[in-house]
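Student: I am new to this structure and would like a close look at one of its chains. Please begin with how far the predictor trusts that chain, and then connect it to the rest.

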Amino acid sequence: MDNKINRRIAIRNMALILGSAAILPSCLNDKGKPTVQLKHLKLNADQETLVTELTETILPKTATPGAKDLGLHLFVFKMIDDCYDKEHQDDFIAGLDDFESAVKKQHGQPFSKCSVKDRTAFVSGIEQHSNDKNYKDNAKLTAFYRMVKEQTVFGYTTSKYFMTKQIVYELVPGRYNAYYPVKKLAAV
Amino acid sequence: MANLNIDSVKDRTFDAIVIGSGMSGGWAAKEFTDKGLKTLVLERGRDVKHIKDYPTTNLYPWEFPHHGVLPDDVQKANPIVNRCYAFGEDAAHFFVKDAEHPYVQEKPFDWIRGYQTGGKSLLWARQTQRWSDFDFEGPARDGFAVDWPIRYKDIAPWYSYVEKFAGISGNRDGIPELPDGEFLPAFPLNAVETYFSNHVKKTYKNRHVISARCAHLSKPNQIHLDQGRAQCQERTLCQRGCPFGGYFSANSSTIPWALKSGHCTLRPHSVVESIIYDEKKGKAAGVRVIDANTKEAIEYYADVIFVNAAALNSNLILLNSTSNRFPNGLGNDSGTLGKYVAFHNYSAHINAEYDGAKEWTTDGRNPAGGGYIPRFRNVYKQETDFLRGYACGFSAYRWQQNSSEGIGQTLKDNLVKKDLSGWHVGSHMMGETIPKETNYVTLDKSLKDPWGIPQLRISVDYDDNDEKMKKDYVEQMTEMFTSAGFTNIQASTDHRAPGLDIHEMGGVRMGNDPKTSMLDKWHRLHACKNVYVTDGASMTSTSCQNPSLTYMAFTARAVDHAVSEMKKGNV
Ligand SMILES: Cc1cc2nc3c(=O)[nH]c(=O)nc-3n(C[C@H](O)[C@H](O)[C@H](O)COP(=O)(O)OP(=O)(O)OC[C@H]3O[C@@H](n4cnc5c(N)ncnc54)[C@H](O)[C@@H]3O)c2cc1C
Ligand code: SF4
């Protein structure tokens, strides 16, 4: 009984609180000028497009939304711009340029002009190296890739879409079961 | 204070003044106003009202600009407070930023502070254990510090008194070195925590692993509902401020209670600069405040003054309260003011894995955080080459692990795949440190803070005793983990600066002898009987229990004494 009343008081209390919206930079346009408002990173439009397409290659639209649908490219820019120090941001830019050069060498055109298949093949190659501790070639390129991937994944797994549709995150669980059978977990 | 007319003085005169509105000051405010005294609560920071001023409390992870991560410039600008585990995007607004409130580190000291209504009570981890006579008798027995002027029996009723109002969950464990209290139901231990608890009970004499006791309303009583608080909903987002009032904070409990009485005036943005000593009357007349916004100096007067600015700030205020009678700080006839500062030592951890109990996991979240191992070293007799002992946290957990391997659909599939990890167990030490004269705070001779008040110089360090104790923690826990069949045991120690435990204490210690202590057994300055100090500054020694519950009990007891003295006309 107590429990119900308490919840009601609590919900009434909660209604007093104002919600707050996510603060993300507004959408990109594709006129050639950089469109995201960044404080530290200096990106030109091509670099911006590359990173955007890279996030989409990492998490493409399939039957479920992709990076661009979820605005993850904007999240990646924001995180690298706000939460990384100058040294890592410099590595990010250097690695980004290395990435573009490597794409051009292999495919004769920029990443954003490559076919989805070529992009995927190229990124898969890096993905393999990026997990290989002994792989020393072009460390900046790999570091750049890791930063983009890490923030894409972080943004994705903490996105509203993922946390409501793919898993269920509860702000208010209202329970602590100290002994919970693993069997029951599998049943959900 | 020129040109102030009589009415203005009257407006600025109260029965009681409380300096600080945090964990302990909130209790002083509640107790004074319950007893009908006209009370002024002075708070240097801004006002934070329960629920209304918890801007992040209901945000989902994706609603934070950086999904919880603090921007690099904020981290870089705040190297000290950034070391605190709770300083994240969700609670940063309740912590003091390094640059705003400067102090001098004669030796490295991480001074973690919350300057607002509620102080650090908004941010705390809510662990609450009583002290026992093993703690109060420690100095007399072991020969460090001075004898406490009180014993467990003096404070036990006051523990009960504050526990009932605050709401403490726990089990009655019947352990002499960790007395039972007035408990709401405990948050239970999980499968591996219970396994370890049973193992330790079987294997060791006088060692216990119990459910952590904590200031959460696991099942509220009427008195908690009367405060407008509700049952804890196991969110474990407490450091944001809890919209349910599920955990005890001054903001959800004591301060609104005091305000409701109609006897309380809460004045935020009021930095107390010093206490005014009236030489003719031989007692304190009031306090001098700098308005944080206008920088204007204002005086307030009262019959009795409670100093609850948190340990080191209470030292600062007394050190800065000089007069002909007290050239070295208010009440400082002993010369001990600012000295014998001590803290807790949290600098060792241990982690391991456990292969059993595979059929169990947990569901929901445990606000208590898991288990607690009360001090077991040197309790009944001195058995090691170091003084005193340590308590330990203990918890076991499993998680849904996913992999971020691959790209494209493979990655998407990997991220939703939820393999349950095996059990992991972890512990950290909570060691007692020995108060020493060489661990002190003082006022800087030239550096001032933005309000023109001298900056505090902190000179506090570890010693050999801490090193030996730390080594013993690692050895004992490694042995206990090994015998329990835990594997992949990884112990680690770090070299954090003192202070990061956020349990700094002392400097205005209690004692029977005015020659070697500042406060009598009622927390009253030996030499200025209408000034009481009841926060961590008053602690003669530190024990290894989390301290806040004891500050609360001390405060309630001291107010009771102050009011009875006032009634007798002694103040
Ligand atoms: C992350 C974290 C975890 C913690 N976990 C635990 C725990 O599990 N268990 C436990 O027991 N303790 C814990 N603590 C410690 C606990 O918060 C403190 O012991 C407690 O808040 C101290 O109470 P206090 O009243 O002395 O100080 P505070 O609660 O800090 O209140 C002091 C108030 O005085 C005000 N003030 C300071 N100077 C002046 C001045 N000159 N004029 C006017 N006002 C002034 C401050 O602004 C503040 O509001 C934790 C703290 C933190 C930050
Ligand atoms: S765990 Fe309890 S006290 Fe903490 S935020 Fe959740 S409901 Fe509030």
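**Chain A, and what lies beside it**

Tutor: In this predicted model, the average pLDDT of chain A is 83, and 80% of its residues score at least 70. The beginning of the chain is a different matter: over residues 1–31 of chain A the pLDDT is below 50, although this stretch still has 43 contacts in the model beyond near neighbours in sequence. Among the elements of chain A, the lowest mean pLDDT, 36, belongs to helix α1 (residues 2–15), and the highest, 97, to strand β1 (residues 176–181).

As for its build, chain A has eight helices and one strand. Along the sequence the pattern is α-α-α-α-α-α-α-β-α, with the strand placed just before the last helix. Chain A has 188 residues, of which 41% count as buried. If contacts in chain A are restricted to residues at least 6 apart in sequence, 63% of them join residues at least 24 apart.

Chain B is the other chain to consider. Its average pLDDT is 97, and 99% of its residues score at least 70. For the complex, the predictor gives an ipTM of 0.91 and a pTM of 0.93.

A few places in chain B can be taken one by one. In the loop between β2 and α3 of chain B lies D47(B). D47(B) counts as partly exposed because its relative accessible area of 24% is not under the 20% limit for buried residues and not over the 50% limit for exposed ones. Leaving aside residues up to four places away in sequence, D47(B) touches D53(B), T117(B), L266(B) and P268(B). The C-alpha atom of D47(B) is also 8.5 Å from that of G118(B), a residue 71 places away along the chain.

H67(B) is found in the loop between β2 (39–42) and α3 (72–77) of chain B. H67(B) is buried, since its relative accessibility is 13% and the limit is 20%. Its phi is positive, near 50°, and the residue is not glycine. Most residues other than glycine have a negative phi. Another histidine, H523(B), also has a positive phi, near 75°. H523(B) lies in the loop between β23 (505–507) and β24 (524–525) of chain B, and its relative accessible area is 0%, so this residue counts as buried.

T555(B) belongs to a helix, α13 (residues 548–567) of chain B. With a relative accessible area of 0%, T555(B) is buried. Not counting residues up to four places away in sequence, T555(B) touches S24(B), W27(B), A28(B), F306(B), N308(B) and T534(B).

The last place is ligand 2. The space that ligand 2 takes is the largest cavity. Around ligand 2 there are 13 residues, and the closest are C232(B), R235(B), T236(B), C238(B) and C242(B). By class, this shell holds seven nonpolar, four polar and two charged residues.

To return to the part you asked about: chain A averages a pLDDT of 83, while residues 1–31 of chain A have a pLDDT below 50.

How values were computed: Residues are numbered from 1 along each chain as its sequence is written. Chains are lettered from A and ligands numbered from 1 in the order in which they are written. This is a predicted model: local features need pLDDT of at least 70, side-chain atom pairs count only at pLDDT 80 or more; totals for chains, interfaces and linings use all residues. Side-chain values use heavy atoms; hydrogens and water are left out. A residue is near a molecule or strand if one of its heavy atoms lies within 4 Å of it. On a 1 Å grid over the protein atoms alone, a cavity is a set of points where a 1.4 Å probe fits but cannot get out, and a pocket is an open set with protein on both sides within 12 Å along at least five of seven lines; lining residues have an atom within 4 Å of a point. A molecule sits in a cavity or pocket if more than half of its atoms lie within 2 Å of its grid points. Ala, Val, Leu, Ile, Met, Phe, Trp, Tyr, Cys and Pro count as nonpolar, Asp, Glu, Lys and Arg as charged, and the others, Gly among them, as polar. pLDDT is the predictor's confidence in each residue, from 0 to 100. Helices (H or I, at least four residues) and strands (E, at least two) are DSSP runs, numbered from the N terminus. Buried means under 20% relative accessible area, exposed over 50%, partly exposed in between (1.4 Å probe, protein chains only). Contact means heavy atoms within 4.5 Å.
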